[in-house]
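Let's take a walk through this model together, beginning with the ligand and what surrounds it, and then stepping back to the whole chain. Have the viewer open as you read.

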Amino acid sequence: METGETRARRCILYVPGSDTRKMEKAATLGADCVCFDLEDGVAWNQKENARPLVARALRELNFGVSEKLARINAIGSGMERADLEAVVPARPDAIVIPKVSDAEQIKWVSETIQRLETGDSPIVLIGMIENARGLMNVREIASADARLQALIFGAEDYAADVGATRTREGLEVLYARSAIVAACAASGIQAIDLLYLDFRDPEGLRTEATRGAQLGYAGMQAIHPNQVEIVQEAFTPSADAIANARRIVEAAREHLNAGHGAFALDNKMVDMPIIKAAERVLARARRTNSRKLGNET
Ligand code: COA
Ligand code: MG
């Protein structure tokens, strides 16, 4: 059983909250998550205009299968309270909190939402780790609050914060990228990977998304409609991977019952970690399958 992953979040597509046309379009693309942004995707002089536009889009658009998210400005920016007051009554499924630097920030948002919230299902929180302080505190952040279901790695902001130069290979962010996956796994929540800025490079995107999936990420961020399908595919187990996982799990059942902890399959050793990894693949396949049917369990 894969813990903490209550629903598929293979792709989070951002849309500037000041752009009504893009918000309308984003809701129709079949992305697992659509995130209306009030933070860095919105110009300073549009911050106030964007709030009612995002609230209206959350209320009025038909999101189909997509989970609807709103990203507020960072805690301490001076805009975070007004952002929450504007969007929480419009009932997003989740609030994304950027530049989280300690667990208190997650708790503050959770308590503020509690006061503003109406309706039955509690609003989920998704935090972003994208500065050095956030990374140093990621263990506490990952277990800060029951509403928190995922952490996102913001690689561009992180690199800027520590003074790293971004490269195609990404070695400069590998430590942070791996540490976030580990912290999320330890707390049983999802990890969502960095984004790929060159939205006209499908091959580069596929390579980056595949690497994220290999590192253990459950999904990735996106900024353009033509990234959604590639990203979602990269975070969906392939037919071959599913077939292979099924064989391992079936063979394991027989061998474990017969009292063998380790056995051979196709000239390779199989033991508990291999079986667990196969079970994870099957769990992920079940989740993406139920997601396709619009079933959010
Ligand atoms: N969501 C929904 N629709 C989008 C979109 C997005 N993120 N990005 C582009 N589109 C739409 C455009 O409106 C256009 O549709 P239209 O012709 O029907 O109007 C179509 O997709 C093609 O867009 P394109 O011309 O290729 O791109 P652009 O120059 O309009 O926009 C960006 C490029 C990067 C500005 C845009 O993709 C964007 O705003 N991305 C999100 C940025 C963001 O939120 N950043 C903060 C978080 S990292
Ligand atoms: Mg950022």
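**Around the ligand**

The shell around ligand 1 is made up of nine nonpolar, two polar and six charged residues. Please keep in mind that this is a predicted model. In total, 17 residues surround the ligand, and the closest are Tyr14, Arg21, Arg200, Ile223 and His224.

Which pocket holds ligand 1? Ligand 1 sits in the largest pocket. If you trace the shell back to the secondary structure, the elements that contribute two or more residues to it are β1 (11-16) and α1 (20-26).

Now zoom in on the side chains that make polar contacts with the ligand. Arg21 places a polar side-chain atom 2.6 Å from an oxygen atom of ligand 1. For His224, a polar side-chain atom lies 2.7 Å from a ligand oxygen atom. Lys25 joins in as well: an N or O atom in the side chain of Lys25 is 3.1 Å from an oxygen atom of ligand 1. How much of the ligand does the protein cover? On its own, ligand 1 has 880 Å² of accessible area, and the protein covers 66% of that.

Finally, zoom out to the chain as a whole. The domain assignment splits the protein into domain 1 (4-234) and domain 2 (239-296). Taken over C-alpha atoms, the centres of domain 1 and domain 2 are 30 Å apart. With these bounds in hand, you can go back to the residues named above and find them again in the viewer.

Notes. Residues are numbered from 1 along each chain as its sequence is written. Chains are lettered from A and ligands numbered from 1 in the order in which they are written. This is a predicted model: local features need pLDDT of at least 70, side-chain atom pairs count only at pLDDT 80 or more; totals for chains, interfaces and linings use all residues. Side-chain values use heavy atoms; hydrogens and water are left out. A residue is near a molecule or strand if one of its heavy atoms lies within 4 Å of it. A polar contact is a pair of N or O atoms within 3.5 Å; within protein, one must be able to donate a hydrogen and the other to accept it, and residues adjacent in sequence count only if both atoms are side-chain atoms. Accessible areas come from the Shrake-Rupley method with a 1.4 Å probe; for residues, only the protein chains shown count as cover. On a 1 Å grid over the protein atoms alone, a cavity is a set of points where a 1.4 Å probe fits but cannot get out, and a pocket is an open set with protein on both sides within 12 Å along at least five of seven lines; lining residues have an atom within 4 Å of a point. A molecule sits in a cavity or pocket if more than half of its atoms lie within 2 Å of its grid points. Helices (H or I, at least four residues) and strands (E, at least two) are DSSP runs, numbered from the N terminus. Ala, Val, Leu, Ile, Met, Phe, Trp, Tyr, Cys and Pro count as nonpolar, Asp, Glu, Lys and Arg as charged, and the others, Gly among them, as polar. Domain bounds come from an automatic or database domain assignment.
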